[in-house]
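Please open the structure in a viewer and keep the sequence panel visible. The tour below proposes a series of selections and describes what is found at each.

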Amino acid sequence: MPEPRKTPRVIVTRELADTVMDRLEALFDTTNNRGDAAMTRDQLAAAMADCDVLVPTVTDEIDAALIEGAGERLRLIANYGAGVNHIALKAARARGIIVTNTPGVLTEDTADMAMALIVSVPRRLAEGEKLVRSGEWHGWSPGGMLGHRIGGKALGIVGMGRIGQAVARRARAFGLSIHYHNRRRLPAVVEAELGATFHADLDDLLGCADIVSIHTPLNADSRDLIDRRRIGLMRTHVYVINTSRGGILDEGALVDALEAGRLAGAGLDVWEHEPRIDPRLLALPNVVMTPHMGSATLEGRQASGERVIQNIRMWADGHRPPDQVLEGWA
């Protein structure tokens with residue numbers, strides 16, 4: 001077994017919960033970013049040259065050039081968050097740098113957000129809220145703010161991992177039928193529990209769903225997975241929900257379809273060029289937009305920080321970190 005390491009030098013790129021930063025400082029030789037201004041590329045390079053452990057977030061693009069230029073002491077990238085598409089994993093492996101993430105802790109929070117969008121877009125909740133605030137609402141009327149019920153509709157889930165399954169459980173309670181596409185079919189007992197129908201062909205799923213919700217990680221296989229051709233397979237009454245990553249969905253093609261009336265609406269918590277948003281989306285009343293807040297709960301942020309600490313402690317003690325990211329992410 002490897003020898004335990006001396007107290008590691010840890011640099012954290014963004015401001016985390018106070019309790020997490022305090023514990024990091026108590027346990028390790030830690031520099032926290034308590035001002036929360038995102039690091040520039042030069043600042044990231046300097047940090048990676050001066051630490052044993054880097055704790056980045058999704059806003060930090062840790063590409064191959066940064067990793068190749070990192071100091072010899074950098075041996076662990078303990079990512080704060082589950083997604084690691086912003087980290088060049090192959091380059092890290094080539095340098096012998098371990099990468100960890102924080103899977104599972106944000107499942108319920110993200111599923112709650114997805115379900116909120118699944119309800120809000122067909123029921124026009126954002127439009128109604130804006131109408132009340134505008135002072136232009138003149139009272140109830142039989143034809144006022146008509147939306148669509150979601151009970152009885154088919155929910156197509158793209159990616160049936162932890163979050164996809166958590167969304168399915170919530171959706172069943174709202175009376176939606178569950179259809180899904182995944183790289184691997186779920187065990188029969190899980191399908192039975194969720195009442196879920198498997199579609200081996202993603203195109204087939206998109207053609208039968210009334211609401212499409214995206215829950216696959218962003219990687220080489222899933223980038224632009226829902227492209228212009230696949231958006232064209234959806235029927236005109238379909239709503240698209242994305243709480244995963246913006247790069248999975250062709251945002252330009254989505255806007256074109258919405259403007260042309262070839263889709264009924266969308267609920268988006270993530271963006272292709274975040275934080276930049278296509279200005280055409282801002283003009284569409286049938287799109288509910290939230291600022292990448294699917295995992296934004298105090299409980300979730302604290303739990304993510306605790307997983308980061310656990311990974312660093314296990315590594316510093318000479319053990320394999322429990323959340324090491326393996327080959328399948330690349």
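## First stop: Ile277 and its surroundings

Begin by selecting Ile277, which touches Trp271, Leu282 and Met289 when residues up to four places away in sequence are not counted. The model on the screen is a predicted one. Now add Met289 to the selection: Ile277 and Met289 are separated by 12 residues in sequence, and their C-alpha atoms are 9.9 Å apart in space. Ile277 belongs to the loop between β11 and α12. Is Ile277 buried or exposed? Its relative accessibility is 29%, so Ile277 counts as partly exposed.

Remain in this loop and select Glu274 together with Pro275. The peptide bond that leads from Glu274 to Pro275 is cis, and its omega is near 10 degrees. Pro275 is placed in the loop between β11 (265-268) and α12 (279-282). For background, most peptide bonds are trans.

## Second stop: helix α5

Select residues 107-123, which form helix α5. This helix has 17 residues and reaches 24 Å from its first C-alpha to its last, close to the 24 Å expected at 1.5 Å a residue. How many residues of α5 are buried? The helix is mostly covered, with 13 of its 17 residues buried.

Next, add residues 162-173, helix α7, to the view. The axes of α5 and α7 come within 9 Å and cross at roughly 50 degrees. The two helices are therefore oblique to each other, and the crossing is right-handed. To display the contact, select Thr107, Glu108, Thr110, Ala111, Asp112, Ala114, Met115 and Ile118 in α5, which meet Arg162, Ile163, Ala166, Val167, Arg170 and Ala171 in α7. Colouring this contact by residue class shows 8 nonpolar, 2 polar and 4 charged residues.

While the helices are displayed, a general point is useful: an α-helix has 3.6 residues a turn, so residues three or four places apart point the same way.

## Third stop: two residues with positive phi

Move to the residue that follows α5, Arg124. Arg124 is not a glycine, yet its phi is positive, at about 60 degrees. Most residues other than glycine have a negative phi. Arg124 lies in the loop between α5 and α6 (125-134). With a relative accessible area of 26%, Arg124 is partly exposed.

Now select Asp224, which lies in the loop between β9 (211-214) and α10 (228-233). What is the phi of Asp224? It is near 55 degrees, a positive value in a residue other than glycine. Asp224 has a relative accessibility of 34% and so counts as partly exposed.

## Last stop: helices α1 and α13

Finally, select residues 18-27, helix α1, and residues 298-316, helix α13. Their axes come within 9 Å and cross at roughly 15 degrees. That angle makes α1 roughly parallel to α13, because angles under 35 degrees are counted in this way. The crossing of α1 and α13 is right-handed. On the α1 side, the contact is made by Thr19, Val20, Arg23, Leu24 and Leu27. On the α13 side, it is made by Arg301, Gln302, Gly305, Glu306, Ile309, Ile312 and Arg313. By class, the residues of this contact divide into 5 nonpolar, 3 polar and 4 charged.

Terms used
Residues numbered from 1 in each chain as written. Predicted model: local features only at pLDDT ≥ 70, side-chain atom pairs only at ≥ 80, totals over all residues. Heavy atoms only, no water. Axes fitted to C-alpha atoms, helices over the stretch in contact; angles between N-to-C directions. Helix = DSSP H or I, 4+ residues; strand = E, 2+ residues; numbered from the N terminus. Parallel < 35°, antiparallel > 145°, perpendicular 65-115°, else oblique. Left-handed = near helix turned anticlockwise from the far one by under 90°. Contact = heavy atoms within 4.5 Å. Nonpolar A, V, L, I, M, F, W, Y, C, P; charged D, E, K, R; others polar. Expected span 1.5 Å × (residues − 1). Buried < 20%, exposed > 50% of the residue type's maximum accessible area, 1.4 Å probe, protein only.
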